[in-house]
Amino acid sequence: MQTSSPVSVAPMMDWTDRHCRYFMRLLSPSALLYTEMVTAAAIVHGDADRLLRFNDEEHPLALQLGGSDPGWMAKATAVASAYGYDEVNINVGCPSDRVQSGRFGACLMADPALVAECYAAMQEQTNVPVTVKSRVGIDDLDSDEFLVAFVEPLVRAGCRKFVVHARIAILEGLSPKENRSIPPLQYERVYRLKRDFPDVEVVINGGLTSASRVDEVLAHVDGAMIGRQAYHRPYFLAELEQRFIPGWAAPAREDVVANMLAYTDRQLVDGVPLNRITRHMLGLFAGCPGARAWRRYLSEHAHRHGAGSEVLVNALNAMPAAA
Ligand SMILES: Cc1cc2nc3c(=O)[nH]c(=O)nc-3n(C[C@H](O)[C@H](O)[C@H](O)COP(=O)(O)O)c2cc1C
């Protein structure tokens, strides 16, 4: 029986926190999950434990780091290695202003030697793979040659896995959100990268919203990373798991809620506000009758002072019986 899936869930700031990942894991026992991006500086100078700790159930789990100083990236990797992540990923794909000001994210695609230096320094600190997530290009640097020139020094340094968001990033003039939809998807560019580097694992990302599209891309590359669709319609992850792990039976959505009840009770004891958890569950019934009632009940009740896990039960009860 196949035990690992070619599917991963993208790093998404403010979304893929540990509560979200615990929830997603119930829907996909084998997909590789990514943390939100954590900056190397925050780990080195901040509250590393708050930023890095996670639930055992979240494995397999990759930590995404942002930064461009090889020394800091190495230090952050060393600190993180004690937590038992399964992969450490370098963010070379994020175009936001805040990220550019610290000189990391997508702008680093223009400095492949520096990214390779970061990679080498980080890989020295850990036994798990250090990988890179990038775009296919930036601004007018939008060619196969540019992407190959970015990847080559990293491969030479030993990097064996690249996640590529199949769009360029426009570094000025577009918001991060626009940068995830306005530059067109260019899957062919990622397919060619795999053909140019057949021994390297290439994971494609961007716009994978249906199982048929995932099948289509997997004819060309090694893995498929799902972002927004996994968040807005999390049951998609269960559908993919069923496709790739024969014999695995998707849980009923109500059973997922039951499991989250127990998790929520444990977190509430630790002082986590209810809506920090339930906000990730709004899309659980997307596409089902009653989805709107579920979403509305959670949105209106989970943030209230003293709200407990009974809100989840009441939200189920607020749905029409057909759901
Ligand atoms: C809310 C949000 C936050 C994101 N934060 C990150 C991040 O921290 N690091 C990163 O590499 N990409 C980040 N991304 C980009 C996603 O990882 C992914 O590349 C992008 O959404 C395209 O995939 P999709 O079309 O499947 O959503 C973020 C995307 C969203 C929607």
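**Entry 1: the ligand shell**

I take a residue to be near a molecule or strand if its C-beta atom, placed from the backbone, lies within 6 Å of it. With that rule I looked up the surroundings of the ligand: of the 23 residues around the ligand, A10, M12, M37, G227 and R228 come nearest. Two elements, β2 (32-39) and α10 (228-232), each give two or more residues to this shell. Helices (H or I, at least four residues) and strands (E, at least two) are DSSP runs here, numbered from the N terminus. I also sorted the shell by residue kind and found 9 nonpolar, 9 polar and 5 charged residues. For this sorting, Ala, Val, Leu, Ile, Met, Phe, Trp, Tyr, Cys and Pro count as nonpolar, Asp, Glu, Lys and Arg as charged, and the others, Gly among them, as polar.

I note that the model is predicted: local features need pLDDT of at least 70, side-chain atom pairs count only at pLDDT 80 or more, and totals for chains, interfaces and linings use all residues. Residue numbers start from 1 along each chain as its sequence is written.

**Entry 2: the barrel**

I followed the strands in order and found a closed barrel of 8 strands, β1-β2-β3-β4-β5-β6-β7-β8, with parallel pairing. The twist averages 30 degrees from one strand to the next; axes are lines fitted to C-alpha atoms, for helices over the stretch in contact, and angles run from 0 to 180 degrees between N-to-C directions. Two strands are said to pair if DSSP finds at least two bridges between them. As background, strands of a sheet pair through backbone hydrogen bonds, either parallel or antiparallel.

I then looked up single pairs. Strand β1 (residues 7-9) pairs with strand β8 (residues 223-226) in the parallel sense over 3 bridges, and V7 stands opposite A224 in β8. Further round, β5 and β6 run parallel and are joined by 6 bridges; K133 has V163 in β6 as its bridge partner. Between β6 and β7 the pairing is again parallel, over 5 bridges, with F162 opposite V202 in β7.

**Entry 3: enclosed strands**

How many residues of β6 are buried? I found 8 of the 9, so β6 is largely enclosed by the rest of the structure. In β7 the count is 4 of the 5, so β7 too is largely enclosed by the rest of the structure. A residue is buried if 20 or more other C-beta atoms lie within 10 Å of its own, exposed if 12 or fewer, and partly exposed in between; C-beta atoms are placed from the backbone.

I chose V92 as a further case, in strand β4 (residues 87-92). V92 counts as buried because 29 C-beta neighbours lie inside 10 Å. Not counting residues up to four places away in sequence, V92 touches G105, A106, L108, M109, V115, V132, K133 and S134; contact requires that the C-beta atoms of two residues, placed from the backbone, lie within 7 Å. I also noted that V92 and G66 are 26 residues apart in sequence and 7.9 Å apart in space, C-alpha to C-alpha.

**Entry 4: the two sides of α8**

I asked which residues of helix α8 (residues 187-196) are buried, and found Y187, R189, V190 and L193. They cover an arc of only 160 degrees around the axis, which puts them on the same side of α8; the arc is that of the directions from the helix axis to the C-beta atoms. On the other side, E188 and R195 are exposed. The buried residues of α8 pack against β5 (130-138), α7 (144-157), β6 (161-169), β7 (201-205) and α9 (211-218).

**Entry 5: backbone points in loops**

I checked the peptide bond from H59 to P60 and found it cis, with omega near -5 degrees. P60 lies in the loop between α3 (48-52) and β3 (61-66).

Two residues other than glycine have positive phi. D14 has phi near 70 degrees and is found in the loop between β1 and α1 (18-27). Is D14 buried or exposed? D14 is exposed, with 8 other C-beta atoms within 10 Å. For D139, phi is near 45 degrees, and the residue lies in the loop between β5 and α7. D139 counts as partly exposed, with 17 C-beta neighbours inside 10 Å.

**Entry 6: R253**

My last look was at R253, which lies in helix α12 (residues 253-269). R253 is buried, with 20 other C-beta atoms within 10 Å. Leaving aside neighbours within four places in sequence, R253 is in contact with Y235, L284 and F285. R253 and H59 are 194 residues apart in sequence and 21 Å apart in space, C-alpha to C-alpha.
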